[in-house]
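Colleague: I am about to look at this model for the first time. Could you take me through it step by step, with the terms explained as we go?

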Amino acid sequence: MSNPGFFYGAQHTNITGSQMNDVGHDQYNTTITNIKNLSLTVPQQENVPVLSFNDAPVDLLSIHFAGRDQELHTIKQLFGSIQDDVPSRCAIYGMPGIGKTQLTLQYAKLSYQQKQYTYVFWISGATVEKLNQGFVKLLNLVSHPERNNPEQDARLVAARRWLEDCSATSWLVVFDNVSRDTLSFLREHVPRKNVRGNILYTTRTEDVAKAVVNAAGQQQHILELRVLDIKDAASLFFQNAEIDEEDTSSSSGDCLSQLFTRLLL
């Protein structure tokens, strides 16, 4: 808002020299008074809160989540590397039920709490329909003017361009449970630039993982998620069984953890 200006008008009046001095003095005092009054009436600029949110369904995170500290650290390190002007990508793959989604939820929760990202978006990559819905939800979350556009293609382009042009803040997009059937859709609609953005995928197979991390002629990061080590498996077992680990002997704990690990194989 521009500040109101002052208009100094001189009326053509025949006056003597002394009268002119008096008029000039009065005009000067009036102007100073107006400036002082103006400084008191200019509204103070309010601090507008910065939009920030975590869209990941963290309520689905198991209360018995245990271990995976090394994997969480690895993901953070991989996303810490600069990939020219393209978003860093990482794909986690592994057999069904191994904990890919749980690991990703934990990363989304912790990284947002640590203010690594201003925005965290969560989109199911299982089907093209769910991807479409996810991109539309993204536009709604950021109140994008194209969110009500009746043309689906226009909304998809708007979502991609928003992610590419969002240079002032950092963001994370999670595509959970990506399948072969959605690869071509993702190649077309994921953001192609913005070094402040990270894209995290989960999928079941290594070939899909390698396909989704190809960006600008470079293959980025893939991470195979394997069964928990003995220590973490034992901790998870005891938590689910509501058994205090301190009440178990080391030998019985090792025996139970090995049995639990074999059940996962």
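Colleague: Which residue stands opposite tryptophan 122 in E4?

Modeller: Please keep in mind that this is a predicted model, in which local features need pLDDT of at least 70 and side-chain atom pairs count only at pLDDT 80 or more, while totals for chains, interfaces and linings use all residues. Residues are numbered from 1 along each chain as its sequence is written, and side-chain values use heavy atoms, with hydrogens and water left out. Strand E3 (residues 119-124) and E4 pair in the parallel sense over six bridges, where strands (E, at least two residues) and helices (H or I, at least four) are DSSP runs numbered from the N terminus, and two strands pair if DSSP finds at least two bridges between them. Opposite tryptophan 122, in E4, stands valine 174.

Colleague: Is strand E4 largely enclosed or largely open?

Modeller: Buried means under 20% relative accessible area, exposed over 50%, and partly exposed in between, with a 1.4 Å probe and protein chains only. In E4 (residues 171-178), seven of the eight residues are buried, so the rest of the structure leaves this strand largely enclosed.

Colleague: In what order do the six strands of the open sheet lie?

Modeller: E4 is joined to strand E5 (residues 197-203) by six bridges, in parallel, and six bridges also join E2 to E5, which run parallel. The edge strands, each pairing on one side only, are E1 (53-54) and E8. With parallel pairing, the order is E1-E3-E4-E5-E2-E8.

Colleague: Within what arc do the buried residues of helix H2 fall?

Modeller: In helix H2 (residues 69-79), the buried residues are Glu71, Leu72, Ile75, Leu78 and Phe79, whereas Asp69, Gln70 and Gln77 are exposed on the other side. The arc is that of the directions from the helix axis to the C-beta atoms. Seen down the axis, the buried residues of H2 line one face of the helix, because they fall within an arc of 130°.

Colleague: How many residues apart in sequence are the parts that aspartate 55 and lysine 137 tie together?

Modeller: Aspartate 55 and lysine 137 form a salt bridge, with their closest N and O atoms 3.0 Å apart; the term means a side-chain nitrogen of Lys or Arg within 4 Å of a carboxyl oxygen of Asp or Glu. Aspartate 55 is buried, at 18% relative accessible area, and lysine 137 is partly exposed, at 33%. Because aspartate 55 lies in the loop between E1 and H2 and lysine 137 in helix H4 (residues 128-141), the pair ties together parts whose separation in sequence is 82 residues.
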